[in-house]
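Please open the model in your viewer and keep the sequence panel at hand. The stops below are given in the order in which to select them.

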Amino acid sequence: MLSALLVMAALAIVLGAVLGFAAIKFHVEGNPLVDKIDAILPQTQCGQCSFPGCKPYATAIAAGEADINRCPPGGVEGIQKLADLLGVDFKPFGGDTAAPKPKSVAIIDESTCIGCTLCIQACPVDAIVGAAKQMHTIIAAECTGCELCVAPCPVDCISMQVIEEKISNWKWKYPVYSLVTAQ
Amino acid sequence: MRTLYHFHGGVHPPSNKTQSTRLAIAPAPLPSRLIVPLHQHAGETAKPVVQAGDHVLKGQLIGMPDGFVSSAVHAPTSGTIAAIDMQLIAHPSGLPNLCATLIPDGKDEWIELEPVKNYRDHSTTELQHLLRMAGVVGLGGAAFPSDIKLRLGKQKIKTLILNGAECEPYITCDDMLMRERAAEIVQGAEILRFMLDADEVLYGVEDNKPEAIAALQQAITASGSALQQSKRHEVVAIPTIYPGGSAKQLIRVLTGLEVPSGKLPTDIGVQCFNVATAYTVHRALAHGEPLLSRIVTVAGNVREARNYEALIGTPIDELVALSEALPDTNGYIMGGPMMGFALPGMSGPGPAVHVPMVKATNCIIVSSEKLFPPPPPAMPCIRCTRCVEVCPADLQPQDLFWFAQSKEFGRAQTFSLFDCIECGACSYVCPSHIPLVQYYRFAKSEIRAREHDKQLADQARDRHEFHEQRIEREKREKAEKLAAKEKAAQAAKLAAQPLTAEQQAELANLATSREHIRELAQSAVEHTTENTGAN
């Protein structure tokens, strides 16, 4: 009887120690679900979802506080991916979110720019170069097209330009064939 | 006799090669103008180094390689640069790209050439640089910069394969080059072998080109001692089957080795070059001539199919005019009938646009409704798996089609979509006439675009995180500065606090002594004024 108790107690201690060690050794910082959601989001950091960036939106989705259909840059495909990841039903774009737009980049009209640095402060990815009273310019390759720099500009010198199709970004199209009436 | 292996599948489309091999290669006359695209190779567009209005000599650099995967572009003849602007080019997209338009002055005056006397005295890196600046790219069709393929990796290159298989119907440019200029091909191959330090050189030529095989063999025996001293060159006749000229399939046939999925031939100790590339390498080093012209087959719906040696940038309609297109012509195809594409702006109503030929233009097929009737309407896939039987890459084309059609790109990738060489054998045999390759190309470019977007998103995430950190740091620094200022103010305040009795006594002492000194000074002043008054 006593030996059985001792064996069980010893087992409990050993297993407890293993579990305790595993908890420390394999400790996960942060919420892995948030990272997974964040990986699907397009990282434009545009705030169209009403959260101040992609990570806060991902955190809100993970916590069940936000819907999955609030990200216009992610498009319908983004919603589908989020639905697949979270095991929920697909939802079309919700009422108050903007409709998806083609991908664009911001362009500064350099002759109008007064060098106020307001757009530099607004850019979430530091894609605008310039200094006070100096002309500003956008690093097109880094621009996510979030449009956050457009509103703060006091002289309205920033415009959004849709990225046009060039040979370098051209894609093969989905095959379509014209229907022919049978003879 | 060498043991040959075979790859899975393959088809036997009618070869249609004899029409264009009856006549020798003819030099194409100087065209009225040359449109030289600055993006003729895989990789980055070359940077223009001349301006509109400049006079250039034949062989003068007009496009500087820009980036790691890039190649130089040269003026194909002497003349004046009329414009550097966007022009329609030979690309399936039908989109324009940067081109230099050159109006020839008719003198065909060369720039001073700097041939390499003995390439063996130079390091591989030097030779690579020379080839890059000579604009040498793969002439088999992909136009990949050759200097990059000559970079030595960790793996020792055992076998160098010279691809003279030329398996696509109609195309005979490599065949004619091997027949007429075998000696220079062999010398170029030896340069490539030297650069790669390969043990053997195998020339893979399909057995439907006996003249080419004989010419190469003769060239190897003729240049005998020089080659014998180094390593073995051997011409191997391989069975004629499409797509036997695809690099991976050719490697399989000649060596029995299979290039693993997602790997390069160099990873298994093999490198492959087209015979025309070897010829160009020889011209570039031994004569210092950059890549300015190539052999092009003009065939199909023409009076006289033939191979021409034409300058890069020659408008294709001027080239075709040499062979006289027949009146029922309805378009031009660049490349073969299996993998080629219809040239933009060259068919349908309206004036033809002068699309120029580029380094990758191996063949122009003039099409007509009789020659290439429009495909019957595509029917649903009946899962007959005839495509599986012919797929040279051992794939499951019907499954890939299914995934591409339903845009299930992840599953297409797990079914090795990227091992598809787009040879078109599956579409060729499909009883439902489904344009299978178009689906694979669509799926591939969608997947590539997605991967690119993902990369950009990751970059944006990093930049955003850094931005947040920076804002945080600036806030912290500001707070620290404020705290330091506050601390200083507090110290000043501390000094203004009421004093102890001892300090008060000390201060009183100080005050009395100061008063005393002032009095003394006052008296002295009075004293001096008295004196001055007396004076």
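What follows is a tour of a predicted model, from the domains of one chain to the contacts inside the other.

**Stop 1: the two domains of chain A**

Colour residues 15–101 of chain A as domain 1 and residues 102–167 as domain 2. The C-alpha centres of these two domains are 28 Å apart. At their boundary, six residues of domain 1 of chain A touch eight residues of domain 2 of chain A. Together the two domains of chain A bury about 540 Å², with 54% of that area on carbon and sulfur atoms. Now show Thr44(A), Gln45(A) and Lys101(A) as sticks: in domain 1 of chain A they lose the most area to domain 2, together 76% of what that side buries.

**Stop 2: the interface between chains A and B**

Select both chains. Here 28 residues of chain A are in contact with 32 residues of chain B. The two chains bury about 2700 Å² between them, 56% of it on carbon and sulfur atoms. Which residues of chain A lose the most area to chain B? They are Ile167(A), Trp172(A) and Tyr174(A), which together make up 29% of what the chain A side buries.

Keep Tyr174(A) selected and add Phe401(B), Trp402(B), Phe409(B), Tyr439(B) and Phe442(B): ring pairs link these six into a cluster.

**Stop 3: helix α11 of chain B**

Select residues 397–405 of chain B, which form helix α11. Seven of the nine residues in this helix are buried, so α11(B) is mostly covered. The buried ones are Pro397(B), Gln398(B), Asp399(B), Leu400(B), Phe401(B), Phe403(B) and Ala404(B). They pack against α10, α12 (409–414), α13 (425–429) and α14 (436–495) of chain B. After the helix comes Lys407(B), which has a positive phi near 55°.

**Stop 4: aromatic rings in chain B**

Over all chains the count of aromatic pairs is 10. One of them is Tyr170(B) with Phe372(B): the ring centres are 6.0 Å apart and the planes meet at 50°, so the pair is tilted. Tyr170(B) is in the loop between β9 (159–164) and α3 (173–180) of chain B, and Phe372(B) is in the loop between β17 (363–368) and α10 (386–390) of chain B, so zoom out to see both loops; the two residues are 202 residues apart. Tyr170(B) is buried because its relative accessibility is 7%, while Phe372(B), at 26%, is partly exposed.

Next, return to Phe401(B) and Trp402(B), an edge-to-face pair with 6.0 Å from centre to centre and 70° between the planes. Is Phe401(B) buried or exposed? With a relative accessibility of 3%, Phe401(B) is buried. Trp402(B), with a relative accessible area of 38%, is partly exposed. Add Arg383(B), whose charged end sits over the ring of Trp402(B) at 5.1 Å from the centre. For another charge over a ring, select Lys149(B), which lies over the face of Phe273(B), 4.6 Å from the ring centre.

**Stop 5: Asn274(B)**

Finish at strand β12 of chain B, residues 270–274, where Asn274(B) is found. Asn274(B) is buried because its relative accessibility is 10%, against a cut-off of under 20%. Draw a distance to Asp174(B): the side chains of Asn274(B) and Asp174(B) are joined by a polar contact of 3.0 Å. Beyond its neighbours within four places in sequence, Asn274(B) touches Leu139(B), Gly140(B), Leu162(B), Asn163(B) and Asp174(B).

Technical notes:
Residues numbered from 1 in each chain as written. Chains lettered and ligands numbered in written order. Predicted model: local features only at pLDDT ≥ 70, side-chain atom pairs only at ≥ 80, totals over all residues. Heavy atoms only, no water. Helix = DSSP H or I, 4+ residues; strand = E, 2+ residues; numbered from the N terminus. Buried < 20%, exposed > 50% of the residue type's maximum accessible area, 1.4 Å probe, protein only. Polar contact = N/O pair within 3.5 Å; in protein donor to acceptor, adjacent residues only side chain to side chain. Contact = heavy atoms within 4.5 Å. Phe/Tyr/Trp six-rings, centres within 6.5 Å; stacked < 30°, edge-to-face > 60°. Lys NZ or Arg CZ within 6 Å of the ring centre and 35° of its normal. Domains from an automatic or database assignment. Buried area = accessible area lost by both parts, 1.4 Å probe.
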